[in-house]
Amino acid sequence: MSVKLRLTRVGKTKQPHYRIVVADERRSRDGRFIEILGQYNPRTEPSVINLDNDKAVAWLMKGAQPTERVKKILEISGAWAQFTAARAK
């Protein structure tokens, strides 16, 4: 089973908000997930990111792979730097 960190769409029509979740890569985009790590709202200026960095780093250490967009969100929040520093030790 391959685990991914990815976005799940929530919100009304044409008003998307996203959850950052840990999910099996074989599941659908809005399907079943393992754990919610945070939220991402691209509609506000600036975009709002609420992310539990400790949980995200823990999943990355276990081998979860982020999608491209989630990787950028992790870099903005600082979780990616924590992960690379922990991996280097």
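**Sheet pairing and helix packing in the predicted model**

Strands β1 (residues 3–12) and β5 run parallel and are joined by two bridges. In this predicted model, both of the residue pairs that follow place β1 against β5: Lys 4 lies opposite Gln 65 of β5, and Leu 5 lies opposite Pro 66 of β5. It helps to set this pairing in the context of the whole chain, which holds three helices and five strands. Read from the N terminus, the elements follow the order β-β-β-β-α-β-α-α.

The five strands make up an open sheet with mixed pairing, and their order across the sheet is β4-β3-β2-β1-β5. The edges are taken by β4 (48–51) and β5 (65–66); each has a single partner strand, so one side of each has no neighbour in the sheet. As general background, the strands of a sheet pair through backbone hydrogen bonds, in either a parallel or an antiparallel sense.

Moving across the sheet from β1, the next pairing is with β2, which is antiparallel and extends over 10 bridges. Within this pairing, Thr 8 has Arg 19 in β2 as its bridge partner. The two strands β1 and β2 also form a hairpin, with two residues between them. Lys 14, located in the turn of that hairpin, has a positive phi of about 60°.

The pairing of β2 with β3 is antiparallel as well, and it covers five bridges. Here Val 22 finds its bridge partner in Glu 35 of β3. Next in the order comes the pairing of β3 with β4, where the strands run antiparallel and are joined by four bridges. One of the bridge pairs links Tyr 40 to Ile 49 in β4. Like β1 and β2, strands β3 and β4 form a hairpin, in this case with six residues between them.

Attention now turns to the helices. Helix α1 (residues 53–61) packs against helix α3 (residues 79–88) at an angle of about 45°, and the two axes are 9 Å apart. That angle makes α1 oblique to α3, and the crossing of the pair is right-handed. On the α1 side, the contact is made by Asn 53, Asp 54, Ala 56, Val 57, Leu 60 and Met 61. On the α3 side, Ala 79, Trp 80, Gln 82, Phe 83, Ala 86 and Arg 87 take part. Sorted by character, the residues of this contact comprise eight nonpolar, two polar and two charged.

The sheet returns to the picture through its edge strands, β4 and β5. Helix α1 packs on the sheet and touches β1, β2 (15–24), β3 (35–41), β4 and β5, while its direction makes about 120° with that of β3. Helix α1 therefore has contacts with the sheet as well as with α3.

Finally, the overall dimensions can be considered. Along the principal axes, the C-alpha atoms of the chain fill a box of roughly 45 × 30 × 20 Å. The radius of gyration of the chain is 13 Å, which agrees with the value near 12 Å for a compact globule of 89 residues.

Terms used: Residues numbered from 1 in each chain as written. Predicted model: local features only at pLDDT ≥ 70, side-chain atom pairs only at ≥ 80, totals over all residues. Heavy atoms only, no water. Axes fitted to C-alpha atoms, helices over the stretch in contact; angles between N-to-C directions. Parallel < 35°, antiparallel > 145°, perpendicular 65-115°, else oblique. Left-handed = near helix turned anticlockwise from the far one by under 90°. Contact = heavy atoms within 4.5 Å. Nonpolar A, V, L, I, M, F, W, Y, C, P; charged D, E, K, R; others polar. Pairing = 2+ DSSP bridges. Rg over C-alpha atoms; globule rule 2.2 N^0.38 Å.
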